[in-house]
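This report looks at charged pairs, a surface patch, an enclosed helix and a buried arginine. The structure comes first.

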Amino acid sequence: MPSTTRFLSPSEAAKRLGVSAKALRLYEQRGLVAPGRTDAGWRTYGREELDRAAKVVALRALGFSLAQVERVLGGNSSGLEPTLAAHQAALESQLRQLADTVDKVRGLRSDLMQGRAPTIDELMSLRAPAREVRVAFELPWPWGGELFELRDIRSLNYIIGPLGSGKTRFAHSLAQALPDAVFVGLQRLEEAGMAEAKTRLRADCWLKPKVDEAIAWLIEDGAAPSDALLILLAALEAEGSTTLIVDMIEQGLDRPTQEALIAWLRRRGSAARPVFMLTRSCAILDLSAVGPDETIILCPANHSPPMQVAPHPGAPGYESVATCLASPEVRARTAGVIAWRPPGGLEPAMP
């Protein structure tokens, strides 16, 4: 009797599982899933392969590193406590946000019983997260003072644009407009910047354990230890700022490290402090993997005002964003390239 099991292609399996085909390839490379093969050598996913992949996806959603996933699937539960604790903290944060929303609804119902109808803004606030932040500021050159407004700030925010689009100036202005924001520039990769960060790590008894824990998780997920990664994590884990803005977050990091880093940033959850990342790496900004707690801001090449872009083909600005992205290998070859300086001594646009 012929088998009725339907075999899916990697793209079909990825769609069924709610992940990108790129993620499935990564799981296969780490030996977590083993798709079947057709006679022609094409990968296929049957029921058993899909079930196995679904377990990997579920564990990743809980914040487990690839190494932890491998151990759990093998029946080894060692080292899971910190990840479960972080997941619990994220869930408790969501509960607090839900409790705040329930209180709002209760108040509006009470007002209705007393004859006062809720305003549109009050009704809209029931959908907005309790931590919603709004910021408005005048855009710097080359936009000429136009007003930019960011209605809400997500846990992960990408700033992207071609060379000369002004995205670095935009990021500096955003850092000045946001209260207690910190801008982390490329000087972090210079000798003085690295020495300063390492001194802070030695002096801060609270920061070093957090950075060590993050590095351990990232290495398990395939990252390569480096000074660039250490300095970046020191900035990401430092206390004191409400928002962090990082210039070209991928600089100095290879592809596996970039992929592990963005996975680590996502595992912090929606309640984590916001991070804005200037990037042009498709490993950092994988358009197929952008989630609901992430925002893409495009600085267009024609110097029209920066705009938020939905991560869906056909959305306004999507193709421009996709065109700006390059692989980590290409980004490494073009590191340090600056925009063309126009004639006449005019100030060049920053990348």
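## Charged pair across the chain

The model is predicted. Glu220 is partly exposed because its relative accessibility is 26%. Its partner is Arg71, and the two form a salt bridge with closest N and O atoms 3.0 Å apart. The pair joins distant parts of the chain: Glu220 sits in helix α9 (residues 207-220), Arg71 in helix α4 (residues 66-73), 149 residues apart. Arg71 has 23% relative accessibility, so Arg71 also counts as partly exposed.

## Other salt bridges

The total is 13 salt bridges. One of them pairs Asp111 with Arg116, with the closest N and O atoms 2.6 Å apart. Asp111 has a relative accessible area of 22% and is partly exposed. Arg116 is partly exposed too, at 38%.

Glu294 and Arg266 form another salt bridge, with a closest N to O distance of 2.7 Å. This pair also links distant parts of the chain. Glu294 belongs to strand β9 (residues 294-298), Arg266 to helix α11 (residues 255-267), and 28 residues separate them. Is each partner buried or partly exposed? Glu294 is at 10% relative accessibility, under the 20% limit, so Glu294 counts as buried. Arg266, at 27%, is partly exposed.

Salt bridges also build a network. Lys22, Arg255, Glu259 and Asp286 are its linked residues.

## A nonpolar patch on the surface

Which residues make the nonpolar surface patch? They are Ile120, Leu123 and Met124, and the patch covers about 310 Å². Ile120 lies in helix α6 (residues 120-124). Its relative accessible area is 59%, over the 50% limit, so Ile120 counts as exposed.

One general point on helices helps here. An α-helix has 3.6 residues a turn, so residues three or four places apart point the same way.

## An enclosed helix

Helix α10 (residues 227-237) is largely enclosed by the rest of the structure, because 10 of its 11 residues are buried. The buried residues include leucines at Leu229, Leu230, Leu232, Leu233 and Leu236. Ile231 is buried as well, and so are Ala228, Ala234 and Ala235. Glu237 completes the list of buried residues.

What do the buried residues of α10 pack against? Strands β6 (181-184), β7 (243-246) and β8 (275-278) are among their neighbours. The helices they pack against are α8 (191-203), α9 and α11. Two of these helices appeared above: α9 holds Glu220, and α11 holds Arg266.

## A buried arginine without a salt bridge

Arg188 is in the loop between β6 and α8. Arg188 is buried, yet has no salt bridge. Where is the nearest side chain of opposite charge? That side chain belongs to Asp247, 6.2 Å away. A salt bridge needs the nitrogen and carboxyl oxygen within 4 Å, so this pair does not count as one.

The Arg188 side chain reaches backbone oxygens instead. The backbone oxygen of Asp247 is at 2.9 Å. The backbone oxygen of Met248 is also at 2.9 Å.

Beyond its neighbours within four places in sequence, Arg188 is in contact with Gly193 and Met194. Its contacts also include Ile231 and Leu232, and both of these are buried residues of α10. The other contacts are Val246, Asp247, Met248, Ile249 and Gln251.

Terms used. Residues numbered from 1 in each chain as written. Predicted model: local features only at pLDDT ≥ 70, side-chain atom pairs only at ≥ 80, totals over all residues. Heavy atoms only, no water. Helix = DSSP H or I, 4+ residues; strand = E, 2+ residues; numbered from the N terminus. Buried < 20%, exposed > 50% of the residue type's maximum accessible area, 1.4 Å probe, protein only. Patch = residues over 30% accessible without salt bridge, like charges linked within 9 Å, V, L, I, M, F, W, Y side chains within 5 Å. Areas by Shrake-Rupley, 256 points an atom, 1.4 Å probe, with all protein chains shown as cover. Contact = heavy atoms within 4.5 Å. Lys, Arg positive; Asp, Glu negative; His and termini not counted. Polar contact = N/O pair within 3.5 Å; in protein donor to acceptor, adjacent residues only side chain to side chain.
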